[in-house]
Amino acid sequence: DQGMGGTTISGRIQTGNVAVGDTLMVMPLHEVCTIKTIHRNGVQVPTPYALAGDNVDLAITGLDPSLFFG
């Protein structure tokens, strides 16, 4: 998605946790990005982290949107 001021990834965290500033590898593209903002469980107030079981919207930087949106 192109919401939240950039590329947004939505999903559920199955194990572990994520925090603002963490780096992620997007598979199967093997592209690395950084978490800029986290919204969890449908609340539109940003939070510094999310835990296993949370539904999240992650605004990320460092990933070329053309990889997804051509």
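A residue is called buried when its relative accessible area is under 20%, exposed when over 50%, and partly exposed in between. Keep that in mind for our tour of this predicted model, because the second stop depends on it.

**Stop 1: the sheet**

Switch to a cartoon view and look for the strands. You should find an open sheet of 4 strands, in the order β1-β6-β4-β3, with antiparallel pairing. Select β1 (7–12) and β3 next: these are the edge strands, and each of them pairs on one side only. From one strand to the next, the twist averages 45 degrees. What holds neighbouring strands of a sheet together? Strands pair through backbone hydrogen bonds, and the pairing can be parallel or antiparallel.

Now walk across the sheet, one pair at a time.

- Begin with β1 and β6 (residues 55–61), which run antiparallel and are joined by 6 bridges. Click on I9, then on its bridge partner in β6, L58.
- Move on to β4 and β6, an antiparallel pair with 6 bridges. Here, select T37 and look opposite for A59 in β6.
- Finish with β3 and β4, which are antiparallel too and joined by 4 bridges. Pick L24, and you will see C33 of β4 standing opposite.

**Stop 2: a salt bridge**

Show the side chains of R40 and D54. They meet in a salt bridge, with 3.5 Å from N to O. A search of the whole structure finds 1 salt bridge, so the pair you have selected, R40 with D54, is that one.

What does this pair tie together? R40 belongs to strand β4, while D54 sits in the loop between β5 (49–51) and β6, so the contact links parts that are 14 residues apart in sequence.

Are the two residues buried or exposed? Turn on a surface and compare each value with the cut-offs. R40 has a relative accessible area of 23%, so this residue counts as partly exposed. D54 has 11%, which is under 20%, so D54 is buried.

**Stop 3: a patch on the surface**

Keep the surface on and select M25, M27 and V32. These residues form a nonpolar patch, with about 300 Å² of accessible area together. Where does M27 lie? Zoom in on M27 and you will find this residue in the loop between β3 (23–26) and β4 (31–40).

To end, select β3 and β4 once more, and look again at the loop between them that holds M27.

Technical notes: Residues numbered from 1 in each chain as written. Predicted model: local features only at pLDDT ≥ 70, side-chain atom pairs only at ≥ 80, totals over all residues. Heavy atoms only, no water. Patch = residues over 30% accessible without salt bridge, like charges linked within 9 Å, V, L, I, M, F, W, Y side chains within 5 Å. Areas by Shrake-Rupley, 256 points an atom, 1.4 Å probe, with all protein chains shown as cover. Salt bridge = Lys/Arg side-chain N within 4 Å of Asp/Glu carboxyl O. Helix = DSSP H or I, 4+ residues; strand = E, 2+ residues; numbered from the N terminus. Pairing = 2+ DSSP bridges. Axes fitted to C-alpha atoms, helices over the stretch in contact; angles between N-to-C directions. Buried < 20%, exposed > 50% of the residue type's maximum accessible area, 1.4 Å probe, protein only.
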